[in-house]
Amino acid sequence: MTYSSLIHQKSYEKIVYNLRRHSINFVPYVFFLIILLSMGAGVYYFLKTLFPELFLKNNWQAAILMLSSVYFLAVWLFFYTAFIDYYLDVWIVTNDRIVDIRQTGLFGRTIAELDLFRVQDVTSECKGFFATIFNYGNVYIQTAGSKQRFIFINVPDPHHVREAIIRLADEDRKYHQGQG
Amino acid sequence: MIFPLYYLVFPYLLFLIIYAVFLIINLYHLIAFSEASLAGFFMTFLLLGGIAYILFWTWQMSLPIDWNYPIEMFQNLGSFFKP
């Protein structure tokens, strides 16, 4: 699947930005994975050291093995699901519209669109130590007549994105005024 | 109640079936809603490699276990209710 077909790209439309959260936002999940794997291994060696007789009994050995296997498989899939959740949140900016695609868990998916010529106000925000160091932050897009606003969460280089959206919105507005 | 140890494998197999369903849903999401990319490929490779390793480890560790070993459960249940 390409993003062009995902958003049903029009003939005159050109994808300008394809944004997702900065990759640094995925690092906590990696740390969490390491902690969970270490915990599993820790409990295993704790049992083996303190209760070695358990590993001599056939039934206990089998039960511990099955439980360990289930635990490690579950942690591994949890990590991949977290990646899918992170990776499938995409904001696509074209020269005609903005498409907000959000994956919420395994069974939730929201797609929202906004015409660029409706954009009235764009705000970028880069807040916090890591956000400043790695240059990522939020971009808030306010539309005319609508209370709801689009938010690009933790995207790289938010100030540059804001400038680009304002420029694209101006161009699109001129295009629509020219047509009208 | 006495049953052989390999009965423990049945709930494990049931878990693996449910696991496979979730795995397929995840892979479907990645294929259907994103473009092919190095990050997606790398993470999928890591996932499948990890699963293969864990299953191989489980199989290796299960080799010395005597799966026909009889398990006795609730053997003292009768005496528990006796006055």
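This is a short dialogue on reading a predicted model of chains A and B.

Trainee: Where should I start with confidence, and what are the ipTM and pTM of the model?

Mentor: Start with the global scores. The model is predicted, and it scores ipTM 0.86 and pTM 0.85. Then go chain by chain. Chain A has a mean pLDDT of 88, with 97% of its residues at 70 or above. For chain B the mean is 87, and 88% of the residues reach 70 or more.

Trainee: Which helix of chain B has the lowest confidence?

Mentor: The general caution comes first. Where pLDDT is low, do not read the predicted coordinates in detail. In chain B the lowest confidence falls in helix α3, residues 77-81, at a mean of 57. Helix α2 of chain B is the highest, at 94. In chain A the low end is helix α1, residues 3-6, at a mean of 76. The high end there is helix α4, residues 129-134, at 93.

Trainee: How do I read helix packing, and at what angle do α2 and α3 of chain A pack?

Mentor: Take the angle and the axis distance together. Helix α2(A), residues 27-50, packs on α3(A), residues 58-87, at about 175°, and the axes are 10 Å apart. An angle over 145 degrees counts as roughly antiparallel, so α2(A) and α3(A) are roughly antiparallel.

Trainee: Which residues of α2(A) and α3(A) meet?

Mentor: On the α2(A) side they include A:Phe32, A:Leu36, A:Met39 and A:Tyr44. On the α3(A) side they include A:Ile64, A:Phe72, A:Trp76 and A:Phe79. The contact has 18 nonpolar residues, two polar and no charged.

Trainee: What is the packing angle of α1 and α2 in chain B?

Mentor: About 170°, with the axes of α1(B), residues 9-33, and α2(B), residues 38-62, 12 Å apart. That angle makes the two helices of chain B roughly antiparallel. Among the residues in contact, B:Tyr12, B:Leu16 and B:Leu23 of α1(B) face a set in α2(B) that includes B:Leu47, B:Ile51 and B:Leu55. The split is ten nonpolar, three polar and no charged.

Trainee: How is an interface sized, and what area is buried between chain B and chain A?

Mentor: The size is often quoted as the accessible area lost when the parts come together. Here about 3,400 Å² is buried between chain B and chain A, and carbon and sulfur atoms give 76% of that. Chain B contributes 39 residues to the contact and chain A 33.

Trainee: How many salt bridges cross that interface?

Mentor: Side chains of opposite charge can pair when their charged atoms come close. Across the interface of chain B and chain A there are zero salt bridges. Over all chains the count is nine. One of the pairs is A:Glu113 with A:Arg97, at 2.9 Å from N to O. A:Glu113 sits in strand β4 and A:Arg97 in strand β3 of chain A, so the pair ties together parts 16 residues apart in sequence.

Methods:
Residues are numbered from 1 along each chain as its sequence is written. Chains are lettered from A and ligands numbered from 1 in the order in which they are written. This is a predicted model: local features need pLDDT of at least 70, side-chain atom pairs count only at pLDDT 80 or more; totals for chains, interfaces and linings use all residues. Side-chain values use heavy atoms; hydrogens and water are left out. Axes are lines fitted to C-alpha atoms, for helices over the stretch in contact, and angles run from 0 to 180 degrees between N-to-C directions. Helices (H or I, at least four residues) and strands (E, at least two) are DSSP runs, numbered from the N terminus. Angles under 35 degrees count as roughly parallel, over 145 as roughly antiparallel, 65 to 115 as roughly perpendicular and the rest as oblique. Contact means heavy atoms within 4.5 Å. Ala, Val, Leu, Ile, Met, Phe, Trp, Tyr, Cys and Pro count as nonpolar, Asp, Glu, Lys and Arg as charged, and the others, Gly among them, as polar. pLDDT is the predictor's confidence in each residue, from 0 to 100. Buried area is the accessible area (1.4 Å probe) that two parts lose on being put together, summed over both. A salt bridge is a side-chain nitrogen of Lys or Arg within 4 Å of a carboxyl oxygen of Asp or Glu.
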